[in-house]
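Biologist: Please take a close look at a single part of this model and lead me outwards from there, giving each term its cut-off as you go.

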Amino acid sequence: LYYVYVLESIKNGNRYIGYTQNILKRLERHNRGAVKSTSNNKPWKLLFEAEFTTRKESIKFEKHLK
């Protein structure tokens, strides 16, 4: 399964949209600073998630949200 997620920075309210197969692991990477595009705005909290059966579906929905 694939997930599209929306994160919100607790620091400044910025939002980040992405997709993954493991939301908890991905959120942990964002909050650890291991993701270059989000490292300056940590910590992050999960606002939204949607589940998809294929990677293609998740990418399409992620692009729709962006």
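Modeller: A salt bridge here is a side-chain nitrogen of Lys or Arg within 4 Å of a carboxyl oxygen of Asp or Glu. The model is predicted, so local features need pLDDT of at least 70 and side-chain atom pairs pLDDT 80 or more, while totals for chains, interfaces and linings use all residues. Residues are numbered from 1 along each chain as its sequence is written, and side-chain values use heavy atoms, without hydrogens or water.

The part I would look at is helix α1, which spans residues 23-32, together with the strands that cover it. Helices (H or I, at least four residues) and strands (E, at least two) are DSSP runs numbered from the N terminus. Within α1, the side facing inwards is made up of Ile23, Arg26, Leu27 and His30, which are buried (under 20% relative accessible area, against over 50% for exposed and in between for partly exposed, with a 1.4 Å probe and protein chains only). Viewed along the axis of α1, these buried residues fall within an arc of 100°, so they line one face of the helix; the arc is that of the directions from the helix axis to the C-beta atoms. Leu24 and Lys25, by contrast, are exposed on the other side of α1. The cover over the buried residues of α1 includes strand β1 (2-9), strand β2 (15-20) and strand β3 (44-52).

At the end of the helix, Gly33 follows just after α1 and takes a positive phi of about 90°. The helix also holds a salt bridge of its own, between the side chains of Arg32 and Glu28, with N and O 3.0 Å apart. Arg32 and Glu28 stand four residues apart in α1, which means they are separated by about one helical turn, and Glu28, at 38% relative accessibility, counts as partly exposed.

Turning to the covering strands, β1 and β2 pair in the antiparallel sense over six bridges, where pairing requires that DSSP finds at least two bridges between two strands. Val6 has Ile17 in β2 as its bridge partner. The hairpin of β1 and β2 has five residues between the strands, and in this hairpin Gly13 takes a positive phi near 85°.

A search of the whole structure finds four salt bridges. One of them joins Glu8 to Lys45, with the closest N and O atoms 3.4 Å apart. Because Glu8 lies in strand β1 and Lys45 in strand β3, this pair ties together parts that are 37 residues apart in sequence. The two partners sit in unlike surroundings, since Glu8 counts as buried at 15% relative accessibility, whereas Lys45 is partly exposed with a relative accessible area of 39%. Another salt bridge links Lys66 with Glu62, the closest N and O atoms being 3.3 Å apart; here Lys66 is exposed, at a relative accessible area of 64%, and Glu62 is buried, at 10%. Salt bridges with shared partners further join Glu8, Arg15 and Lys45 into one network.

Finally, the loop between α1 and β3 contains Asn41, which is buried, with a relative accessible area of 16%. Setting aside neighbours within four places in sequence, Asn41 is in contact (heavy atoms within 4.5 Å) with Ser9, Lys11, Asn12 and Asn14.
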